[in-house]
Each structure stands twice: as structure tokens, then as C-alpha cells.
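Work through the exercises below with the sequence and the model in view. Try each task before reading its solution.

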Amino acid sequence: MKKLTALLMSLILAAGLLAGCGSKGASEDGAGLSGELNLYTWDGMFPQEVLRGFEDEIGVRINYSNFDYNEDMLAKLGETKGGDYDLVIGDDYILEMVISEGLARKLDTAKLENYDNLNPVFMSQFYDPENEYTVPYGAGIPLILYDPALTDVEIKGYADLWDPSLEDNVAITANYRVINGITLKTMGESMNTEDTDAIEKAGEKLLELAPNIRVINDNNTQDYLISGEVAAAFLYTSQVYNALNAREDLEVVYPEEGLGFGIMGAFIPSQAPNPDAAYAFIDYINRPENAAKCFEYIGYYCTNKAAEELISEEMQKLIVLPADAAEGEIIQNISLEAEDLHAEIWNNFKAACD
């Protein structure tokens, strides 16, 4: 996933939770820590207010380095054998590779006073099932938005996008695994199923959606909904954010079939020069007040339960997951056979939409 400002997806997923005044390895006000924190992530992931606050209170200077792609981060980390950086934030799928290559160290959660404030919905994922190496820092959740004034149906889930009343009136993003995935969800299947028969049946159902599709586009897809050119749209998180900021009358749908999401996670490299500073930073940004500032700034879904009540009212429906939202899953790597079938289905679907 990428930062919300370019996505959510320019997507779609992190280190941020609450903190005490430093890790338990240091004194309560951060005394005992010194030197520098080498932070490596995308540009613009933290408000300057939070970065300055950490430096002033904890006494550790932050060296903020950024990358454009997860793969660049993995290559750089591999070159240094897990050294050079103290804390890294990347997307879910790349975290699995980082861990499997031995480039992340196991966390000592006793050093994280605010660890229990993390939202378990965004933990125990495929890349770190026992939560041994990572802490979540923001999630991207593609959702449906629609204009009630332009629709004759109350949209509650993905299946409603197939309603005949929405003919030539729906915009969707262009991520084929995600679109194929939500079709599988309408059939009670996992987005990551390896069952080629199920995938083929989903492909047949997806073709039935073609008459309703007016736009397939990854960039600024929300503009078609904002302008009234379409009545409903399936959008990345950043696009949902932009659309709701432009039009408060639009309805947000957390699909009843289940969510698809991407998660960003923070980890300490295996040979980090200053791991104590990394623990202190994770804890600092996970104090409720600091976490709220971070998530309002980046626009991702808040992965810190204790911070949710501090999110401003206008941002609540943009970045706080409703308590009654259905569970979600992350798109994962699947077999080459299944992947090729998804690609074939997508090409057939796009041709049917032309």
C-alpha cells in the first residue's frame, strides 16, 4: 500500500500506536536514551509536531530517510543485512519477505507500554501471525460510496453493485485482484482462494457486472462520483477520503460480505544500531494523543483503539473503523495458475466493459 495522499491506494499499508514517555528500557521521561533514530519509510508519514515532540522529550534526533517503493526498501535493507536503520515502516506483503529473510528482530513487547492499545483487528496477519516482529501503523480499506439521490437501491455490500438499476452508473478501481476478490466475496469465497473452479465461477459473475460499469480507473476515480457522472463507486481509501471531503451527502458502505484491506507495519531491523530509540519512538507515537495526530495527518484507518475517541468528529467516519464492520482479509500471493486465471478473467471483463 502507499501513503493515503497518493492512494490509499496510490495504495493501500506503519508503525504507530500509543506510548508512555519512552520505552521501559529507559527512565520514564526518556532519560538514558541518546544519539539518533534512523527512520526509514515513505515521505510524509508523520506530522512535524510529533517528530519534534519526540526529539524534544526523548532527547534522540531523528534521521528521516524515505523510499518510493517497498521493493527499494527491501533491497536496501538486504544490502546492509538488517543494519543502518533503527525503525522501518512498510506494507504487509513486503513485511512477510523481510521477516522470512531474517531482516527483522523479534520485538520485546515489555518495552512497549502502550502495546495493548493496538487494535487486534489489524494484527495477527499472514505476514506476522504471532505478532512477533511488527506493530501496525495505519490501514487502507477500499470501500463503496454512493449518491442516494441518484440510486434506487440501498447499497449494503458488493453484491448490490450488480443491481440492474445501476446500469452504466458505477466506477471502480483498476486493481484486478481486488475487483476479482470482491466478486469472490459475494460468493462466500476468500479473496485468496486457490480453487480455480471458484475463480472461474467468479469470472462468469464478474462479466454480469459489465453493463453497470462506466469507469475503470485507478487515478482520481472519486471525481466521477463527486461530479455526479456515476451514482456509485468502489474506491481506495484516499479516494473515499477526498470524495467525502468534497460531498458530505455521499453514503459510505462497509460491505456486509467483508472488507479487503492493506496494512502498514513497523519493525526494527535485525542489526539496528539503536533499537532502544526505535522502541521509544514506537511507544511515543502510540500514546493516544500522538496516535490521533498521526492518523489524522496521514488519513489512514486508525490502528490504535485508544486513539479513536481522540480523533476529531469530522475525521471519525473517515479513519475510524466502525465497531460493527465485517471482518476483512488482505490480498496475498497465490499460485501462478490461480494468478494467471485472474489476469485472464480481468482481460475478458475489461473487454466486455468497452
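**Exercise 1.** State how many positive and negative side chains the protein chain has, and how far apart the centres of the two sets lie.

Solution. Start with the counting rule: Lys and Arg are positive, Asp and Glu negative, while His and the chain ends are not counted. Each charge is placed at NZ of Lys, CZ of Arg, CG of Asp or CD of Glu. The protein chain then has 22 positive and 62 negative side chains. The centres of these sets are 4 Å apart.

The model is predicted: local features need pLDDT of at least 70, side-chain atom pairs count only at pLDDT 80 or more, and totals for chains, interfaces and linings use all residues. Numbering runs from 1 along each chain as its sequence is written, and side-chain values use heavy atoms, without hydrogens and water.

**Exercise 2.** Is helix α4 largely enclosed or not enclosed by the rest of the structure?

Solution. First, helices are DSSP runs of H or I with at least four residues, strands runs of E with at least two, numbered from the N terminus. Next, buried means under 20% relative accessible area, exposed over 50%, partly exposed in between (1.4 Å probe, protein chains only). Ten of the eleven residues of α4 (residues 176-186) are buried, so the helix is largely enclosed. Among the buried ones are R177, G181 and K185. The cover includes α5 (196-209) and α11 (336-353), in contact, that is, with heavy atoms within 4.5 Å.

**Exercise 3.** Describe what is found at the start of α4 and after it.

Solution. At the start, a side-chain oxygen of N175 comes within 3.2 Å of the backbone nitrogen of R177. After α4 comes G188, with a positive phi near 75 degrees.

Conventions. A polar contact is a pair of N or O atoms within 3.5 Å; within protein, one must be able to donate a hydrogen and the other to accept it, and residues adjacent in sequence count only if both atoms are side-chain atoms.
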